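Q: I'm new to this one. Could you take me through the salt bridges and the nonpolar cores, slowly and with the cut-offs spelled out?

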Amino acid sequence: MNRFFLFCMFVACLFQGCKQNASTENGELADDSDSTEMVDDDPTEDETDELISEEPMPKAAEELFDDFFFNFASNKRLQKERIAFPLLVHSHAKTDTLSREDWHTDHFFMHNEEYTLIFDSEEQMSLVQDTSLEEAIVEKIFLGQGFVQQYLFRKDNGRWMLVEIHKQTLSLNPNASFLAFYRRFVSDSVFQHQSLNEEIQFVGPDPDDEFNQMEGVITPDFWKAFAPELPHDTIYNIVYGKRKSSGAEKIFVIRGISNGQEVVLTFHHEHDKWKLTKLME
């Protein structure tokens, strides 16, 4: 994950640098009223894409799927090289193919500040560092539309390749129960409060010592003071290796793209209800 984080920082700096260049390429801005006319966001993104595309992917990035995928999502040239065209696209009982000419670069979560992951256990979280993986699935989850798009990657002769896309309704996803719950959890404040455990284990930074963590318990009455901002529209998930049967625990991770920050929420399913039981920041 260290290489992954360093590359995140590199891309973030490129975006920031291009924005600064766009605002000063014609000299300093005369005043705030002219700034919206002089700065063009689209060329900035195109310029950044070109800069990244010129950089070859390090061979070591094939080892960890996260390292590869970050390059895949950032580099439009590499992206087309690592798709098995004609690409199979499965939707319900129908299968289509997508040609190289019809493919449009997908940056996935790269233009966001964060991305999300869903694990069934702490043990499963260790698969992120597993260099022996031969398969991974990236899920783009449209909560509002109740729709999931899955991108299946396989390793072929040591090279990660996108080999299939699967489109499915939310109800058919292995995480369907939790995703339906999460969609309501982030949109209904009353339901969110009802879905809090009587005691929520808390681990977070010590306000008196930035190098230490503090541990304690949060009760529902004090939840608002600690509640993190949660994504509520489109979220992502990465399945590392073969998907196993869904369990009674879900670990929802919100991971910063360029700042290394991470928020982890643990939910348990009991008596047909999901409950938030732990928060780590």
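A: Here is a walk through the charged pairs, followed by the nonpolar cores.

A quick word on the ground rules: this is a predicted model, where local features need pLDDT of at least 70 and side-chain atom pairs count only at pLDDT 80 or more, while totals for chains, interfaces and linings use all residues. Residues are numbered from 1 along each chain as its sequence is written, and side-chain values use heavy atoms, with hydrogens and water left out.

Let's start with charge. Side chains of opposite charge can pair when their charged atoms come close. A salt bridge here is a side-chain nitrogen of Lys or Arg within 4 Å of a carboxyl oxygen of Asp or Glu, and searching the whole structure turns up 10 of them.

Take Lys-250 and Asp-120, whose closest N and O atoms sit 2.5 Å apart. This pair ties together distant parts of the chain, 130 residues apart: Lys-250 belongs to strand S10 (residues 249–256), and Asp-120 to the loop between strand S3 (114–119) and helix H6 (122–125). (Helices, H or I with at least four residues, and strands, E with at least two, are DSSP runs numbered from the N terminus.) Both Lys-250 and Asp-120 are buried; that means under 20% relative accessible area, with exposed being over 50% and partly exposed in between, using a 1.4 Å probe and protein chains only.

Next come Glu-135 and Lys-242, bridged at 3.2 Å, N to O. They too link distant parts of the chain, 107 residues apart, with Glu-135 in strand S4 (residues 135–142) and Lys-242 in the loop between strand S9 (234–240) and S10. Glu-135 is buried at 12% relative accessible area, whereas Lys-242 is exposed at 63%. Add Arg-154, and Glu-135, Arg-154 and Lys-242 make up a network of salt bridges.

Now for the greasy side. A nonpolar core is a set of buried Ala, Val, Leu, Ile, Met, Phe, Trp, Tyr and Cys residues joined through side-chain atoms within 4.5 Å. The largest has 35 residues, and Phe-65, Phe-69, Phe-108 and Phe-153 touch the most other members. Elements supplying at least two residues each include helix H4 (65–74), strand S1 (83–91) and strand S5 (147–156). H4 gives the most, with 6 residues. Setting aside neighbours within four places in sequence, Phe-69 is in contact (heavy atoms within 4.5 Å) with Phe-108, Phe-109, Val-138 and Phe-153. Apart from this core lies another, of 26 residues, among them Phe-185, Trp-223, Leu-230 and Trp-274.
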